[in-house]
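Here are my notes, written for you to read with the model open beside them. I have kept them as numbered points so you can reply to each in turn.

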Amino acid sequence: MARRILFWIAEHALLVALAVMFLLPIGFVLLTSFMGSHQTLTGAVWPDPWAWENYAGAFTAAPLLVWFGNSLLYATLATLFMLVSSVPMAFVLAKYRFRGDNIVFFLVIVAMLLPPQVTQVPLYVMWSSLGLTGTLWPLILPHLFGSAFSIFLLRQFFLAMPTEYVDAARMDGNGDWGILLRVIVPMAKPGIAAASIFTFFACWNDYYGPLLYASEYSENWTVSFGLASFHGSHSTDWGITMAVTMLATIPVVIVFFFAQRTFVEGITLTGVKG
């Protein structure tokens with residue numbers, strides 16, 4: 001009994017230590033966001049006095065609403081396009097057998113492992129010839145052609161679903177699209193939610209894409225790129241800089257807070273079948 005209690009204390013002490021290690025940087029940024037410019041570089045830990053005006057000044061010092069709108073447009077459309085293209089592809093790779101299916105899946109794996117910088121030059125030339133550089137569309141439209149990681153993740157989730165459901169739906173007169181929309185999608189909500197959250201967060205935090213395509217047009221800046229530019233031009237006013245940083249993280253925290261149960265369930269139930 002005593003050994004079990006000591007093991008419980010040791011296990012939870014490690015978890016508490018890990019939690020503190022991850023929360024300390026967030027706490028540092030939060031407290032610094034409430035400090036005045038005269039206090040941020042003094043080594044003080046606690047704001048004295050609390051500079052609440054930093055958060056009001058953040059909206060006047062930077063076009064945060066424009067950045068938030070661009071990031072929301074980018075992340076939302078990219079996630080929707082990913083679902084439209086990746087869910088059917090993953091369903092076919094998981095539940096159908098055809099000549100060359102392993103080759104197609106191998107190509108998906110290759111696309112997932114291929115660094116994006118390898119194809120960046122020809123893609124930039126293509127988008128430039130279409131007149132879309134300077135906007136966020138070169139970052140949004142590729143999701144209409146599928147996301148390799150999302151296809152892989154969803155395929156593994158679909159593999160864990162019994163094939164008997166597909167057979168029963170087909171016997172009831174459902175076609176391929178009917179099986180997908182009426183049977184697979186309702187049962188695969190956790191996996192679809194996990195893939196959606198991964199895509200949304202990746203687009204929301206994307207810095208390289210907006211830097212490449214929209215850096216010269218400030219009206220199309222996203223939160224990630226605008227935040228980096230704001231840090232460079234307001235490096236002496238760390239209170240407002242940290243306030244902008246905290247505001248930029250709020251949407252991500254809200255999305256994960258409301259979707260964490262479904263997200264964790266989707267990751268947990270994702271199989272590893274080949």
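Helices here are DSSP runs of H or I with at least four residues, numbered from the N terminus. One thing to keep in mind throughout is that this is a predicted model.

1. Let me begin with the opening helix. F28 belongs to helix α1, which covers residues 2–32. Is F28 buried or exposed? Its relative accessibility is 53%, and the cut-off for exposed is over 50%, so F28 counts as exposed. F28 also has a partner far along the chain: M242 is 214 residues away in sequence, yet the two C-alpha atoms are 9.3 Å apart in space.

2. Just after that helix, have a look at M35, which sits in the loop between α1 and α2. With a relative accessibility of 2%, M35 counts as buried. Which residues does M35 touch, once its neighbours within four places in sequence are set aside? They are T40, A44, V45, W46, P47, A51, N54 and G239. In addition, the C-alpha atoms of M35 and W52 are separated by 8.3 Å, with their positions 17 residues apart along the chain.

3. Now the nonpolar interior. The largest nonpolar core holds 38 residues, and L64, W67, Y74 and V244 have the most contacts inside it. Elements giving two or more residues to this core are α2 (53–61), α3 (64–95), α6 (137–140), α10 (189–204), α12 (223–233) and α13 (238–269). Which of them gives the largest share? That is α13, with 9 residues. As for L64, its contacts beyond four places in sequence are A58, F59, V244 and L247. Another core lies apart from this one; it has 26 residues, including A148, L153, V183 and I192.

4. The pairing of α3 with α9 deserves a careful look. Two packed helices are described by the angle between their axes and the distance between those axes. For α3 and α9 the angle is about 100° and the axes are 11 Å apart. The two helices are therefore roughly perpendicular to each other. On the α3 side the contact is made by V87, P88 and F91, and on the α9 side by D176, W177, I179, L180, I184 and V185. By class, these residues comprise 8 nonpolar, no polar and 1 charged.

5. V87 is a handy residue to select when you inspect that contact. V87 is located in helix α3 and counts as buried, with a relative accessibility of 7%. Leaving out neighbours within four places in sequence, V87 is in contact with M82, L154, F158, L180, V185 and I192. L144 is 57 residues from V87 in sequence, and their C-alpha atoms are 11 Å apart.

6. Helix α9, residues 176–187, also meets α10: their axes come within 5 Å and cross at roughly 70°. Why call this pair roughly perpendicular? That class takes angles of 65 to 115 degrees, so α9 is roughly perpendicular to α10. V185, P186 and M187 of α9 meet K189, P190 and I192 of α10. This contact has 5 nonpolar residues, no polar ones and 1 charged residue.

7. How many salt bridges does the model have? The count comes to 1. The salt bridge joins D176 and R170, whose closest N and O atoms are 3.3 Å apart. D176 is partly exposed, at 41% relative accessibility, and R170 is partly exposed too, with a relative accessible area of 38%. D176 has appeared already, among the α9 residues in the contact with α3.

8. Finally, a word on L159, which lies in helix α7, residues 148–159. L159 is buried, with a relative accessible area of 12%. How far is L159 from I140, 19 residues away along the chain? Their C-alpha atoms are separated by 28 Å. Set beside that the pair from my opening point, F28 and M242, which are 214 residues apart in sequence and 9.3 Å apart in space. I would be glad to hear which of these points you would like to discuss.

Definitions and conventions:
Residues numbered from 1 in each chain as written. Predicted model: local features only at pLDDT ≥ 70, side-chain atom pairs only at ≥ 80, totals over all residues. Heavy atoms only, no water. Salt bridge = Lys/Arg side-chain N within 4 Å of Asp/Glu carboxyl O. Buried < 20%, exposed > 50% of the residue type's maximum accessible area, 1.4 Å probe, protein only. Core = buried A, V, L, I, M, F, W, Y, C linked by side-chain atoms within 4.5 Å. Contact = heavy atoms within 4.5 Å. Axes fitted to C-alpha atoms, helices over the stretch in contact; angles between N-to-C directions. Parallel < 35°, antiparallel > 145°, perpendicular 65-115°, else oblique. Nonpolar A, V, L, I, M, F, W, Y, C, P; charged D, E, K, R; others polar.
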